[in-house]
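Me: I have a structure to look at and would like to learn how to read its features. Please take them one at a time.

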Amino acid sequence: MSISELDAGAGAQSFSRRALFSILPVRTAGCFACAHAALCGQAEPQPQTGLSWTDKADMTWEEIFRFAYQKDLIPLLKELGERIGREKWTAMLRDASDEVVRKKTARRPHSTPDLMTLAAGMQKMPPLMQHALDAEIVEMSPEAFEYRVKKCLWAKVFRDGDAADIGYAMVCYPDYSVARSLNPKLRLIRTQTLMEGRDSCSLRYVMET
């Protein structure tokens with residue numbers, strides 16, 4: 001959705017989407033039937049040598065997102081929502097997301113003195129952001145910085161998983177806190193999001209006087 005990062009204290013130049021990939025409870029895709037070898041089509045699991053966690057995976061960005069979110073995380077969050085109550089659960093996620101941002105940026109100096117600094121950082125998106133978002137700048141001036149997101153992998157994956165409300169609470173809602181962490185006077189005005197089923201995300205940043 002918006003081009004922002006929980007680790008906002010690193011500065012606008014490193015403004016990337018979410019630091020969630022470093023903490024996602026993702027499990028490797030194993031074959032649980034291997035205890036019954038016949039179901040795997042082989043007598044017993046064959047050992048593999050020479051493999052490393054640092055090997056590059058032959059996956060598209062969409063496959064990475066689906067593996068990271070849809071395999072385990074979204075089903076787990078939906079189940080918790082069923083037990084707690086979906087509305088209460090998403091409210092808890094919004095509050096927790098705000099608290100995560102607050103704690104991560106509490107001791108860090110504000111890194112965005114003006115809108116032009118913010119805009120400059122937005123235009124230097126890291127590879128993850130470049131592949132996950134299709135965004136265009138609508139306005140870039142001392143008065144406002146506005147951009148529109150036409151495609152978003154977060155929105156696609158959470159919506160495909162019937163978890164748009166959870167995705168908004170986790171991925172989109174914290175953008176307001178990130179803006180405040182960059183500068184207490186920085187205000188995000190968002191009129192619509194892909195996560196909520198609209199045709200784009202419209203985000204406008206202004207500096208309050």
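Me: Does Ser202 count as buried or exposed, and at what relative accessibility?
Reply: Keep in mind that this is a predicted model. Buried means under 20% relative accessible area. Ser202 has 13% relative accessibility, so Ser202 counts as buried.

Me: Where is Ser202 found, and which residues is Ser202 in contact with beyond its neighbours within four places in sequence?
Reply: Ser202 belongs to strand S4, residues 201–207. Setting aside the neighbours within four places, its contacts are Glu146, Tyr147, Ile189, Arg190, Thr191 and Gln192.

Me: How many helices and strands does the protein have, and in what pattern?
Reply: There are 9 helices and 4 strands. Along the sequence they follow the pattern α-α-α-α-α-α-β-β-α-α-α-β-β. Of the 209 residues, 42% are buried.

Me: Which residues of helix H8 are buried?
Reply: For a helix, go through the residues and see which are covered. In H8, residues 164–172, 8 of the 9 residues are buried. They are Ala164, Ile166, Gly167, Tyr168, Ala169, Met170, Val171 and Cys172. These buried residues pack against H3, H4, helix H7 (153–160), H9 and strand S3 (186–192).

Me: At what angle do H7 and H8 pack, and which residues make the contact?
Reply: A helix pair is described by an angle and by how far apart the axes are. H7 and H8 pack at about 145°, and their axes are 7 Å apart. From H7 the contact uses Trp154, Phe158 and Arg159, and from H8 it uses Ala164, Ile166, Gly167 and Val171. By class, this contact of H7 with H8 has 5 nonpolar, 1 polar and 1 charged residues.

Me: What can Leu182 show about places apart in sequence?
Reply: Compare the separation in sequence with the one in space. Leu182 and Pro113 are 69 residues apart in sequence, and their C-alpha atoms are 8.2 Å apart. Leu182 is in helix H9, residues 175–182, and has a relative accessible area of 1%, so it is buried. For the protein, take the contacts between residues at least 6 apart in sequence: 67% of them join residues at least 24 apart.

Me: Which residues form the nonpolar patch on the surface?
Reply: Leu76, Leu80, Ile84 and Met92 form the patch, with about 300 Å² of accessible area together. Helix H3, residues 73–84, gives the most, with 3 residues. Met92 lies in helix H4, residues 86–105, and is partly exposed, with a relative accessible area of 38%.

Me: How many salt bridges are found in the whole structure, and which parts does the pair of Glu139 and Arg204 tie together?
Reply: The search finds 12 salt bridges. To read one, look at the closest N and O atoms, then at where the two partners lie. Glu139 forms a salt bridge with Arg204, and their closest N and O atoms are 2.9 Å apart. Glu139 lies in strand S1 (residues 133–140) and Arg204 in strand S4, so the pair ties together parts 65 residues apart in sequence.

Me: Are Arg190 and Asp175, which also meet in a salt bridge, buried or exposed?
Reply: The side chains of Arg190 and Asp175 meet at 3.0 Å, N to O. Arg190 lies in strand S3 and Asp175 in helix H9, so this pair ties together parts 15 residues apart in sequence. Arg190 is buried, and so is Asp175. Elsewhere, salt bridges that share partners join Glu62, Arg66, Lys156 and Asp160 into one network.

Terms used
Residues numbered from 1 in each chain as written. Predicted model: local features only at pLDDT ≥ 70, side-chain atom pairs only at ≥ 80, totals over all residues. Heavy atoms only, no water. Helix = DSSP H or I, 4+ residues; strand = E, 2+ residues; numbered from the N terminus. Buried < 20%, exposed > 50% of the residue type's maximum accessible area, 1.4 Å probe, protein only. Patch = residues over 30% accessible without salt bridge, like charges linked within 9 Å, V, L, I, M, F, W, Y side chains within 5 Å. Areas by Shrake-Rupley, 256 points an atom, 1.4 Å probe, with all protein chains shown as cover. Salt bridge = Lys/Arg side-chain N within 4 Å of Asp/Glu carboxyl O. Contact = heavy atoms within 4.5 Å. Axes fitted to C-alpha atoms, helices over the stretch in contact; angles between N-to-C directions. Nonpolar A, V, L, I, M, F, W, Y, C, P; charged D, E, K, R; others polar.
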